[in-house]
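Have the model open in your viewer and set the display to show side chains. This tour goes stop by stop, with a selection to make at each one.

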Amino acid sequence: MSSQFPEARPRRLRRSAELRGLFQETEFTLNDLVLPIFVEEEIDDFVPITSMPGVQRIPESKLAGEIERYAKAGIKSVMTFGVSHHLDASGSDTWQERGLVSRMSSIIKDAVPEMIVMSDTCFCEYTDHGHCGVMHGAEVDNDRTLVNLGKQAVAAARAGADVIAPSAAMDGQVQAIRRALDEAGFSHIPIMAYSTKFASALYGPFREAGGSALKGDRKSYQMNPMNRREAVRESLLDEQEGADALMVKPAGAYLDIIRDIREASRLPVAAYQVSGEYAMIKFGAQAGAIDEARVVRETLGSIKRAGADLIFTYFAMDLALAGI
């Protein structure tokens, strides 16, 4: 062979679809995906979320039927977000025995006992100011909020939640929730920590989805998107406090952070493909600029390739219906 031609030819393994499939390094299945859902109380019909085409608020009265539909399609796990009509300064509905947080978990477990319920543990959808905890002047009071997070976590666990997922971004929240769960007899319930949660512009559509009353921003408690070392530190702190799994949110713009945390910890690592990421793909596809199905698989594959074990994505049901 002439020296002007290459001896190493990686294209040999790309010649056919069968060869490409055989040598593919990264794959994901429905077992890797969690579907976030929005459940609204005191409404009779589904409410489309205009900034998230294809996503709707589910009436509480129709939640059981939706969960049965998800399970039939192959969805194994959901993350619950409530849209409450009972707001106050502290989000006290979240720790009531018959509050929306508790009812969501119990309805789902009654309908499909094997469905894994991850209960988002926060207050932004339950407070009249839209922040993630108790306010003290213009700031969220970290330690008063910790007490309430523990009460909400226990209420969710008592109602049947399989996993507690604190997203309030308070210092010490994992330790406080772990202690509260253990003292209430729920030492077996794991904590999926939103351990590295950025103050991202990509959450925009979520505010419509969750009916947030927020004025201002959450930059004093969520992370600066430009801080890589701090991102790893945040997750390692949650690991030290007793988290059973870690999460990076958002996902697509933070693949380097997912990889950093994957290399720094032996815990399972999740990543959340957030509302803005979903919306960009949906609207790009509607404009004819991209092939939605291919882009969904490529973006989720890149998140998995970066090191995520689990992916929270609003595309989970689409993929399930398509046979992934």
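Helices here are DSSP runs of H or I with at least four residues, numbered from the N terminus. With that in hand, the loop that carries R218 can be placed: R218 lies between α6 and α7, the latter spanning residues 228–241. Keep in mind throughout that this is a predicted model.

**Stop 1: the lysine pair**

Select K197 and K249. UniProt lists both under "active site", in an unreviewed entry. How far apart are they in space? They are spread over 53 residues of sequence, yet they cluster, with a largest C-alpha distance of 4.9 Å. Both K197 and K249 belong to the lining of the largest pocket.

Now take K197 alone. K197 sits in strand β9, residues 196–197. Is K197 buried or exposed? K197 has a relative accessible area of 9%, so it counts as buried. Show its surroundings: beyond four places in sequence, K197 touches S167, Y203, Q222, M223 and K249. Next, draw a distance from the K197 side chain to the backbone oxygen of S167. The value is 2.8 Å.

Move to K249. Its place is strand β10, residues 246–249. K249 is buried too, because its relative accessible area is 7% and the cut-off for buried is under 20%. Among the residues K249 touches, leaving out those up to four places away in sequence, are Y194, T196, K197 and F198. Y203, Y272 and V274 are also in contact with K249.

**Stop 2: two arginines**

Select R207 and R218. The UniProt annotation "binding site", from an unreviewed entry, covers R207 and R218. R207 and R218 are both in the lining of the largest pocket.

Zoom to R207 first. R207 is in helix α6, which runs over residues 204–210. With a relative accessible area of 36%, R207 is partly exposed.

Then go to R218, in the loop between α6 and α7. Is R218 buried or exposed? Its relative accessibility is 13%, so R218 counts as buried. Which residues does R218 touch, setting aside those up to four places away in sequence? They are C124, G130, H131, C132 and S212.

**Stop 3: the glutamate in α7**

Select E234. UniProt puts the feature "binding site" here as well, again from an unreviewed entry. E234 is found in helix α7. Its relative accessible area is 22%, so E234 is partly exposed. Outside the four places in sequence on either side, E234 is in contact with S195, T196 and M223.

**Stop 4: the cysteines**

Return to R218 and pick up its contacts C124 and C132. Add C122 to the selection. How many disulfides does the structure hold? It holds zero. C122 is in no disulfide, and the nearest cysteine sulfur, that of C132, is 3.5 Å away. C122 is buried, with a relative accessible area of 2%.

Why is C124 not bonded to C122? The C124 sulfur is 4.1 Å from the closest cysteine sulfur, in C122, and that is too far for a bond, because a disulfide needs the two sulfur atoms within 2.5 Å. C124 is buried as well, with a relative accessible area of 9%.

**Last view**

Finish by showing the annotated pocket residues together. K197 and K249 line the largest pocket. R207 and R218 line the largest pocket too.

Key:
Residues are numbered from 1 along each chain as its sequence is written. This is a predicted model: local features need pLDDT of at least 70, side-chain atom pairs count only at pLDDT 80 or more; totals for chains, interfaces and linings use all residues. Side-chain values use heavy atoms; hydrogens and water are left out. UniProt positions are given in the numbering used here, feature names are shortened, and annotations may be inferred rather than shown by experiment. On a 1 Å grid over the protein atoms alone, a cavity is a set of points where a 1.4 Å probe fits but cannot get out, and a pocket is an open set with protein on both sides within 12 Å along at least five of seven lines; lining residues have an atom within 4 Å of a point. Helices (H or I, at least four residues) and strands (E, at least two) are DSSP runs, numbered from the N terminus. Buried means under 20% relative accessible area, exposed over 50%, partly exposed in between (1.4 Å probe, protein chains only). Contact means heavy atoms within 4.5 Å. A polar contact is a pair of N or O atoms within 3.5 Å; within protein, one must be able to donate a hydrogen and the other to accept it, and residues adjacent in sequence count only if both atoms are side-chain atoms.
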